[in-house]
Amino acid sequence: MQPEVDRIAQPWGERTPYGRGGTWPVRVDSYLAPGVTADGVRRWVPTASLLHSNGDAMDVAVADGRIVGVRGRAGDRVNHGRLGPKDLFGWQANHSPDRLTTPLIREDGQLVPCDWDTAMDRIVARTRRLLAERGPDALGFYTSGQLFLEEYYTLAVIARAGLGTPHLDGNTRLCTATAAESLKETFGCDGQPASYTDVDHADVIALFGHNMAETQPVLWMRVLDRLAGGDPPRLLCVDPRPTQVARHATVHLAPRSGTNVALLNALLHEIIRTDRVDHAYVEAHTVGYEELAARVAGFTPERAAGICDVPARKISEAAELLGGAERLLSTVLQGVYQSHQATAAACQVNNLQLIRGMLGRPGCGVLQMNGQPTAQNTRECGADGDLPGFRNWQNDDHVADLARVWNVEPSRIPHNAPPTPAMEIFGRAEEGDIRLLWISGTNPAVSLPELHRIRDILGGDGLFTVVQDLYLTETARFADVVLPAATWGEKTGTFTNTDRTVHLCEKAVDPPGDARPDLDILLDYARRMDFRDKDDGPLIPWHDPESAFRAWQECSRGRPCDYTGLSYDRLRAAGGIQWPCTSAAPDGTERLYTDGITWAAPETCESYGKDVMTGESMTEDDYRALNPDGKAVLRPADYEPPEEPTDAAYPLQLNTGRTVYHFHTRTKTGRVPQLNAAAPEVWVEISAGEAARHGVAEGDLVEVTSRRGSLRGRLRVTGIRDGMVFVPFHYGYWDTAEGDRPGKDGGRAANETTLTDWDPVSKQPLFKTAAARLTLVDRAGEAISPAPTTTASAPAGPCRAPATTGGAAAMAGQAGEA
């Protein structure tokens with residue numbers, strides 16, 4: 001059952017063409033470990049992918065108590081049997097010999113093994129001491145986008161109602177906070193309006209800062225199959241790099257970093273100028289059109305061209321493509337979310353859809369994409385700082401309703417100020433206000449900006465750090481207590497993908513050693529802390545994943561993300577089902593807003609919104625005056641230049657992104673032989689023009705330096721726009737001799753160079769706005785200065801390019817989102 005093609009060289013596999021309005025054909029992808037045959041598989045266990053946000057359904061092959069392979073699930077609505085490279089090979093990371101198998105505690109400066117009672121007692125004792133001495137504000141939680149819904153919900157109850165701390169956020173703040181905020185700004189509530197099936201019907205697909213080919217490869221397969229079939233869609237790609245999406249685009253715009261709002265304002269200007277507006281839809285379902293039209297009136301393509309460094313005629317071509325679409329689907333990702341004016345830009349994409357009336361019909365919608373597999377669940381469950389069930393923290397009725405669900409007094413739930421975002425949590429730890437920080441399933445010592453600062457915070461004497469993870473990551477090396485967690489395939493739970501599809505992931509094998517599921521760890525902590533409700537009963541009465549899911553269903557009842565029509569049995573039988581799923585919609589809901597805007601009324605909305613320029617929160621009275629009838633809000637924005645411009649000392653704009661072969665900080669994918677061999681080391685990417693100006697060539701060892709730090713990597717010369725340098729963000733130090741920090745001869749983590757800045761609305765860090773310079777270290781093929789060496793258990797090797805892209809240099813050109 002080996003794949004028919006080399007899925008490293010050809011990540012998207014073979015084509016199965018289909019036409020507009022047709023059904024995407026089934027193609028079942030599979031991979032079994034060498035020497036294992038289908039006859040040797042004892043069980044196939046249903047699950048879905050945990051290494052991207054697409055939610056690809058698959059079955060896990062089990063033999064002799066071990067995972068030995070995977071196959072796609074043919075009948076699932078998301079992938080129709082297809083799997084991407086990380087799906088096919090990523091499960092091997094579960095077997096890595098350096099898995100954590102026992103708790104660790106810090107003694108005399110060293111992490112030493114202990115039993116669970118010792119580790120948990122130490123955490124509980126420190127929690128109780130800080131509560132007594134400093135109160136709940138001394139406690140903070142920073143979680144992941146990779147846990148299960150049941151775990152996030154339990155964590156939210158512990159933090160909010162058990163401890164009473166407002167300091168809870170996830171690393172989804174880095175990848176999906178702007179998605180959530182833009183949906184709340186426009187529609188009054190989170191939740192993706194569109195469905196993956198809209199790819200089947202759209203005649204134009206616009207991708208704004210979204211390298212779908214790498215970040216959601218199976219969804220890109222769906223697009224490729226449409227392109228290969230009858231009546232293919234036309235693509236608009238907005239990305240400064242020559243990605244696979246750009247190569248297939250009808251129009252490709254490569255703007256200067258930080259100018260998204262200027263470009264989008266020009267597109268809106270042209271659609272309004274040429275009267276491609278659905279005025280009846282705008283009148284019936286939106287507010288703010290007059291202000292939007294006035295704000296973009298002066299943003300001609302010529303004006304935007306001067307700001308974005310994109311030809312005015314290309315902007316006009318893009319506007320003609322959008323304006324002439326009969327069924328328009330737009331997608332957005334990190335090229336918008338992690339860049340300047342992030343929420344303002346994302347809202348302009350929503351505005352495009354709305355003024356064209358492209359919402360709620362097949363092929364018409366917007367997907368403000370997620371970056372991680374369970375990012376949607378952090379938002380639903382309140383593990384990203386918001387209140388569970390998309391409740392509004394400013395609405396006393398919403399807080400009282402949540403208190404009813406939890407059987408606590410409303411005053412026990414922190415809601416007197418906005419939730420604390422991740423960068424503020426770390427800032428409070430730096431200032432000494434937060435004294436205990438519990439980090440679960442994420443690696444901020446590599447993924448956060450300005451890493452020297454993050455290392456100083458994590459290593460500070462006044463901070464007690466708990467790390468709950470699979471491996472001794474760079475972050476775990478700083479911990480006072482390390483808790484070994486089970487992972488995908490070793491525990492049961494549900495998670496929800498970008499288009500609201502809920503999957504059940506069943507336990508296939510036991511975790512190694514004494515590792516425990518994250519839910520068991522959280523329930524153990526809650527039991528030891530003896531959290532009680534207002535009737536002196538246990539605050540958290542559930543005891544396993546299924547009972548936790550039922551508790552969540554009650555919390556979601558009547559809310560936009562209503563799960564009450566779902567159950568483990570239904571998900572086992574049907575595979576993925578989209579929320580809301582209720583008695584009125586027992587098969588789920590394919591698209592939102594098919595009959596008007598549902599959750600934007602002042603009484604029901606999740607947020608009263610913010611000023612998209614300043615981030616200042618609106619009051620209930622402000623919102624009622626703006627939107628009394630609960631329509632979609634068209635939120636205009638003026639362009640402002642980035643905070644850190646280039647200059648003679650730092651002449652390049654730094655852009656960071658992903659490769660199809662790795663996820664997050666490589667803690668999993670770097671331990672997978674095929675994926676690690678495909679992209680074993682960090683690289684640096686510039687254009688041919690910049691290479692000539694800097695006197696460097698393909699394969700040279702170069703150093704990228706910003707005002708905060710530097711990194712080294714081998715150079716790739718590609719079709720990226722001039723004035724930019726790209727570095728993938730995945731690479732840290734877990735597999736180097738130096739361990740948890742850069743070696744003496746230079747680091748390789750992109751975030752050594754990024755700056756501590758964030759969007760004023762979503763509070764998402766901006767990884768694509770720093771100024772940098774590039775210098776030669778050594779010529780290719782010559783003796784080089786020592787640099788960090790790879791010592792990972794997975795074999796290293798040259799970067800292998802997809803066969804269709806023309807080699808390593810071409811691969812470099814499509815290895816991350818804009």
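Which residue lies over the face of Phe 726? Select Arg 241: this residue sits 3.6 Å from the ring centre. A charge is taken to sit over a ring if NZ of Lys or CZ of Arg is within 6 Å of the ring centre and within 35 degrees of the ring normal. For another example, select Arg 303, whose charged end is over the ring of Phe 299, 3.9 Å from its centre.

Before going on, a word on the model. This is a predicted model, where local features need pLDDT of at least 70 and side-chain atom pairs count only at pLDDT 80 or more, while totals for chains, interfaces and linings use all residues. Residues are numbered from 1 along each chain as its sequence is written, and side-chain values use heavy atoms, with hydrogens and water left out.

**Stop 1: aromatic pairs**

The structure holds 15 aromatic pairs. Rings of Phe, Tyr and Trp (its six-membered ring) pair if their centres lie within 6.5 Å; planes under 30 degrees apart count as stacked, over 60 as edge-to-face and the rest as tilted. Select Phe 187 and Tyr 593: this pair is stacked, because the ring centres are 4.9 Å apart and the planes stand at 15°. Phe 187 belongs to helix 4 (residues 177-187) and Tyr 593 to the loop between strand 20 (577-578) and helix 23 (620-626), so the pair ties together parts 406 residues apart in sequence. Helices (H or I, at least four residues) and strands (E, at least two) are DSSP runs, numbered from the N terminus. Both Phe 187 and Tyr 593 are buried; buried means under 20% relative accessible area, exposed over 50%, and partly exposed in between (1.4 Å probe, protein chains only).

Now select Phe 549 and Tyr 568. Their ring centres are 5.3 Å apart and their planes at 55°, so this pair is tilted. Phe 549 lies in helix 21 and Tyr 568 in helix 22, so the pair ties together parts 19 residues apart in sequence. Phe 549 counts as buried at 1% relative accessibility, and Tyr 568 is buried with a relative accessible area of 3%. Add Tyr 153, Trp 542, Trp 552 and Tyr 563 to the selection, and you have a cluster linked by ring pairs that includes Phe 549 and Tyr 568.

**Stop 2: a buried arginine**

Stay in this region and pick Arg 559, in the loop between helix 21 (545-556) and helix 22 (568-574). What is the nearest side chain of opposite charge to Arg 559? That is Asp 401, 5.8 Å away, and Arg 559 is buried yet has no salt bridge. For the charges, Lys and Arg count as positive and Asp and Glu as negative; His and the chain ends are not counted. A salt bridge is a side-chain nitrogen of Lys or Arg within 4 Å of a carboxyl oxygen of Asp or Glu. Leaving out residues up to four places away in sequence, Arg 559 touches Gly 389, Phe 390, Arg 391, His 398, Trp 599 and Thr 604; contact means heavy atoms within 4.5 Å.

**Stop 3: salt bridges**

A search of the whole structure finds 59 salt bridges. Zoom to Asp 499 and Arg 77, where the closest N and O atoms are 2.9 Å apart. Asp 499 lies in the loop between strand 18 (493-496) and strand 19 (501-505) and Arg 77 in the loop between strand 4 and helix 1, so the pair ties together parts 422 residues apart in sequence. Asp 499 and Arg 77 are buried.

Next, select Glu 603 and Arg 624, another salt bridge, with closest N and O atoms 2.9 Å apart. Glu 603 is in the loop between strand 20 and helix 23, while Arg 624 is in helix 23, 21 residues apart. Glu 603 is partly exposed, with a relative accessible area of 45%.

**Stop 4: backbone details**

Colour the backbone and look at Pro 580, in the loop between strand 20 and helix 23. The peptide bond from Trp 579 to Pro 580 is cis, with omega near -5°. Then select His 80, a residue other than glycine with a positive phi, near 50°. His 80 is in the loop between strand 4 (66-72) and helix 1 (85-89).

**Last stop: helix 14**

Select residues 342-355, which make up helix 14. Of its 14 residues, 14 are buried, so helix 14 is largely enclosed by the rest of the structure. After helix 14 comes Gly 357, with a positive phi near 70°.

Technical notes:
Expected span 1.5 Å × (residues − 1).
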